[in-house]
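Subject: Model for you to look at

Hi,

Here is the model I said I would pass on. Have a look at it first, and then read my notes underneath.

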Amino acid sequence: MEKFKKILAPVDLSSLSKTGLSYALEIAKAAPGGEVLAYNVIPPGETPYPQAAHKWFATHGDLPQLKKVIEERKALLAKFIAENFAGLLPHVSVREEVEIGIPHRKIVEKALQEKVDMVVICTHGRTGLRHMLIGSVSEQIVRRAPCPVLTVPPPRETRRERLAKSG
């Protein structure tokens with residue numbers, strides 16, 4: 001079986017994405033020359049121009065307010081990785097990228113552009129009505145990705161905590 005050397009790890013800066021990124025780093029570490037692309041997609045609703053941010057940025061890319069949002073998120077992503085994965089960073093090449101767009105679409109596009117060997121993403125563990133109403137970025141990626149996708153379930157404590165809060 002071939003090694004997964006180039007791995008795309010979508011990161012939303014949550015504790016769940018920490019789990020997914022951890023898996024991606026460990027898999028890449030096992031392959032000589034392994035690389036992880038930690039990729040954060042800012043949904044348009046989290047920008048100053050929610051109705052058209054991803055379209056504007058894709059065509060113009062020079063709107064100062066959107067550039068500022070991206071630069072701030074890049075700093076948060078770098079801090080997130082440095083604080084949580086310092087022990088793995090010397091063993092794996094990690095690139096960080098931040099873009100604005102519809103998360104599942106941007107992740108699939110990035111997987112195609114980068115010709116990654118695998119996408120590793122943590123699921124939120126939603127079920128039932130919440131899953132139907134909110135949908136699943138992971139599910140959309142699994143359906144559309146040009147490569148294998150490893151979906152990592154949330155840690156058991158997280159699932160129990162979530163069920164206790166919703167129930």
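Below is what turned up, going from the whole chain down to single residues.

Some housekeeping first: this is a predicted model, so local features need pLDDT of at least 70 and side-chain atom pairs count only at pLDDT 80 or more, while totals for chains, interfaces and linings use all residues. Residues are numbered from 1 along each chain as its sequence is written, and side-chain values use heavy atoms, with hydrogens and water left out.

**The chain as a whole**

There are seven helices and five strands, taken as DSSP runs numbered from the N terminus (helices are H or I with at least four residues, strands are E with at least two). In sequence order they go β-α-β-α-α-β-α-β-α-α-β-α. The chain has 167 residues, and 38% of them count as buried. Here buried means under 20% relative accessible area, exposed means over 50%, and partly exposed is in between (1.4 Å probe, protein chains only). About 9,600 Å² of the chain is exposed, with carbon and sulfur atoms supplying 54% of that; the areas are Shrake-Rupley values with a 1.4 Å probe, and for residues only the protein chains shown count as cover.

Taking contact as heavy atoms within 4.5 Å, 74% of the contacts between residues at least 6 apart in sequence join residues at least 24 apart.

**Helix α4**

Helix α4 covers residues 103-114, twelve in total, and spans 16 Å from first C-alpha to last, close to the expected 16 Å at 1.5 Å a residue. That expected span is 1.5 Å times one less than the number of residues. Its buried residues are His104, Lys106, Ile107, Val108, Lys110, Ala111 and Glu114. Their cover includes strands β1 (6-10), β2 (35-42), β3 (93-100) and β4 (118-122), along with helix α6 (137-144). Directly after α4, Lys115 has a positive phi of about 55 degrees.

**Salt bridges**

I get 13 salt bridges, counting a side-chain nitrogen of Lys or Arg within 4 Å of a carboxyl oxygen of Asp or Glu. Here are three of them.

- Glu114 pairs with Lys6, with closest N and O atoms 3.2 Å apart. Glu114 is in helix α4 and Lys6 in strand β1, so this pair ties together parts 108 residues apart in sequence. Glu114 is buried at 16% relative accessible area, whereas Lys6 is partly exposed at 24%.
- Glu71 pairs with Lys74, the closest N and O atoms being 3.7 Å apart. These two sit three residues apart in helix α3 (residues 64-85), about one helical turn. Both are partly exposed: Glu71 at 48% and Lys74 at 36%.
- Arg143 pairs with Glu139, where the closest N and O atoms are 2.6 Å apart. They are four residues apart in helix α6, again about one helical turn. Arg143 is exposed at 59%, while Glu139 is partly exposed at 26%.

As a reminder for the two pairs within a helix, an α-helix has 3.6 residues a turn, so residues three or four places apart point the same way.

Which residues are linked in a network of salt bridges? They are Lys6, Glu35, Arg95, Glu97, Glu99, Lys106, Glu109, Lys110 and Glu114.

**Rings and cysteines**

There is one aromatic pair. The ring centres of Phe80 and Phe85 are 6.4 Å apart and the planes are at 65 degrees, so the pair is edge-to-face. The criteria cover rings of Phe, Tyr and Trp (its six-membered ring) with centres within 6.5 Å; planes under 30 degrees apart are stacked, over 60 edge-to-face, and the rest tilted. Phe80 is buried at 10% relative accessibility, and Phe85 is buried at 5%.

A search of the whole structure gives zero disulfides, defined as pairs of cysteine sulfur atoms within 2.5 Å. Cys122 is buried at 7%, and Cys147 is buried at 15%.

**Asn40**

One more residue to click on: Asn40 is in strand β2 and is buried at 1% relative accessibility. Leaving aside neighbours within four places in sequence, Asn40 contacts Val11, Asp12, Leu13, Arg73, Leu77, Glu97, Val98 and Glu99. Of these, Glu97 and Glu99 also appear in the salt-bridge network.

Cheers
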